[in-house]
Amino acid sequence: MDVSPFVALLFIALLSLLLFATRTSGRDGRRLPPSPPGLPLLGHLPLLGSLPHRNLQAMAAKHGPVMLLRLGRVPTVVASAAAAAQEVMKTRDLAFASRPRMRMAERLIYGRDMVFAPYGEHWRQARRVCVVHLLSQRRVQSLRRARELEAAAMVDRVRRGGVQAVNVTALIISYTNGIISRAAFGDGGSLYGGEELTKLFADFEGLLGTVTVGDFVPWLAWVDTLMGLDARAARTSAQMDALLERVIADHRQRRRDRRREDDGHRDFVDVMLDVNDEAEGTGVMFDDVAIKAIVLDMFAAATDTTYTTLVWAMAELINHPHEMRRVQDEVRAAVVVSDGGRVTEDHLPKLCYLRCVIKETLRLRTPLPLLVPHETTEDTELLGYHVPARSRVIVNAWAIARDPAAWESPDEFVPERFAGDDLTADYLMLGQDFRFVPFGAGRRGCPGVEFAVPSMELALASLLYHFDWELPAGGPSKLEMHELNGLTVRFKATLRLVAKPWSR
């Protein structure tokens, strides 16, 4: 959640105004959550800063695990403890199940997607299509070949780089883009743009992670136009729409020219066109706009969060050489000569410590630290506080994962904390342990975890099996772990490492 520079200027201009305290009880006398002092007009918006998850954690330490903020005109409840997250995503899940209107998401994803859709019939249909047809275990398994091809290509790119430092950030972005392109468009996904496609999706994800002034202060929406956000969104949306129109037309033509492909080789567009055909005459609205919106959901969810987690994992391992050696020893012991000297998904169930590394990365460096905002569908409660209907609700998963009351040494990278724990059983942990909710939970939990996990495990195992990694000579002896906020919270610098090929 990045705040516009214009908001910062307004903050400076309003410093001379008196601070005001938000009232602690509603008009009907019911107790509202505590609230820090805010400013006229902007409320608490200037207090978020460039890294809202950190500033909200600091405010929660003073005001409690449930706070009420006024972000411009938007009443926003912030949950910063596992007990509060459990109420939002399990105990009172239905009351918190909707999404607030987000102008940039509506502009870029047609207002017909699943992730940002309000709770209702369209959301239920879209989620059913995703869970049953696109992200089922069978469908994920059918994409194994795509993941292994992209992992092999990634290793080859490192080998071709020679002795020069590898741009690990770009390497992993290419890997994640390759997988979702194959999954969405088929093995011919590169025909739809190659490097241009990568740039287009980078622009799309950057805009999608931009919080507009108009979201919180409607009468200042003209600032978004002045800053060029509206023009950039219109241009990116038009380019993306043209691409997806061509993809759908190509797939329809292919279906007419030959018999339907074997189910194991059909991509997301093929599958959704089948759903579209089946929906005709049933009154279910699943048209081309819905197909395009869900494809964009898949790209946004499958690329940014996956590559962000992998880059953070590599950075943490570089700063923790003992853990790096331990996970490399595990991977290299699991892959035998008869395997052809490469990591496959058959090896992944054996890599328990690698799984601990990824989980600890998700805990310490939660890619979506504030998850996707919820909105209440009715008057409800949260840890005994009144939360009115249509309130925006933010779950600070990052703060929960670093709560010293729940985690020992919460700010340290300790993969061993997941070894032998019930948390090792499942990445989702839906409804089981709300100390660890990197993917959310409940009705609005991410349904794509089973799609993302093998992609992350295979990439990390492949990089650690084939190469020994170190920082470039002449540079710092340790990485500075600075953050950059956007659609996800990413490693701020470009991660460049030296890769030394390893062989038995």
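# Exercises on a predicted model

Of the 111 residues in the largest nonpolar core, F268, F451, L460 and W469 touch the most other members. Keep in mind that the model is predicted.

## Exercise 1: The cores

Task: Find out which helix gives the most to the largest nonpolar core, and which residues F451 is in contact with once its neighbours within four places in sequence are left aside.

Solution.
- Step 1. Begin with the core itself, which has 111 residues. Helix 14, covering residues 288-319, gives the most to this core: 19 residues.
- Step 2. Now pick F451, one of the residues that touch the most other members. Skip its neighbours within four places in sequence, and F451 is in contact with L135, V140, L143, I179, I180, A183, F268 and A302. F268 is on the list of residues touching the most other members, too.
- Step 3. Apart from this core lies another one, of 22 residues. Its members include V66, V77, A84 and V437.

## Exercise 2: A sheet and its helix

Task: Work out in which order the three strands of the open sheet are arranged, and which helix packs on the sheet.

Solution.
- Step 1. Look at strand 3 (residues 166-167) and strand 11 (residues 496-501): two bridges pair them in the antiparallel sense. Within this pairing, N167 has R496 of strand 11 as its bridge partner.
- Step 2. Go on to strand 8 (residues 467-470), which runs antiparallel to strand 11 and is joined to it by four bridges. Here F467 stands opposite P501 in strand 11.
- Step 3. Put the pairings together and you get an open sheet in the order 3-11-8, with antiparallel pairing. Strand 3 and strand 8 are the edge strands, since each pairs on one side only.
- Step 4. Add the helix: helix 18 (residues 449-466) packs on the sheet and touches strand 8 and strand 11. The direction of helix 18 makes about 90° with that of strand 8.

## Exercise 3: Two aromatic pairs

Task: Decide how the rings of W312 and F491 are arranged, then do the same for Y465 and W502.

Solution.
- Step 1. What do you need to describe such a pair? You need the distance of the centres and the angle of the planes. A search of the whole structure finds ten aromatic pairs.
- Step 2. The ring centres of W312 and F491 are 5.4 Å apart and the planes stand at 85°. Planes over 60 degrees apart count as edge-to-face, so this pair is edge-to-face.
- Step 3. Check where the two sit: W312 is in helix 14 and F491 in strand 10 (residues 489-491), so the pair links distant parts of the chain, 179 residues apart. W312 is buried at 1% relative accessibility, and F491 is buried at 7%.
- Step 4. For Y465 and W502, the centres are 5.4 Å apart and the planes are at 70°, so this pair is edge-to-face. Y465 belongs to helix 18 and W502 to the segment after strand 11, so the pair ties together parts 37 residues apart in sequence.
- Step 5. Compare their exposure: Y465 is buried at 5% relative accessibility, whereas W502 is partly exposed at 23%.
- Step 6. One more thing to spot: ring pairs link F185, F201, F204 and F299 into a cluster.

## Exercise 4: Three residues in loops

Task: Say whether L41 is buried or exposed, whether R390 is buried or exposed, and where C446 is placed.

Solution.
- Step 1. L41 is found in the loop between helix 1 (5-13) and helix 2 (52-63). L41 has a positive phi of about 70° although it is not a glycine. Exposed means over 50% relative accessible area, so L41, at 55%, counts as exposed.
- Step 2. R390 has its place in the loop between strand 6 (385-387) and strand 7 (392-395). Its phi is positive as well, about 65°, although R390 is not a glycine. With a relative accessible area of 62%, R390 is exposed.
- Step 3. C446 is in the loop between helix 17 (397-401) and helix 18. C446 is partly exposed, with a relative accessible area of 29%. UniProt lists C446 under "binding site", in an unreviewed entry.

How values were computed
Residues numbered from 1 in each chain as written. Predicted model: local features only at pLDDT ≥ 70, side-chain atom pairs only at ≥ 80, totals over all residues. Heavy atoms only, no water. Pairing = 2+ DSSP bridges. Core = buried A, V, L, I, M, F, W, Y, C linked by side-chain atoms within 4.5 Å. Buried < 20%, exposed > 50% of the residue type's maximum accessible area, 1.4 Å probe, protein only. Contact = heavy atoms within 4.5 Å. Axes fitted to C-alpha atoms, helices over the stretch in contact; angles between N-to-C directions. UniProt positions renumbered as here; feature names shortened; annotations may be inferred. Phe/Tyr/Trp six-rings, centres within 6.5 Å; stacked < 30°, edge-to-face > 60°.
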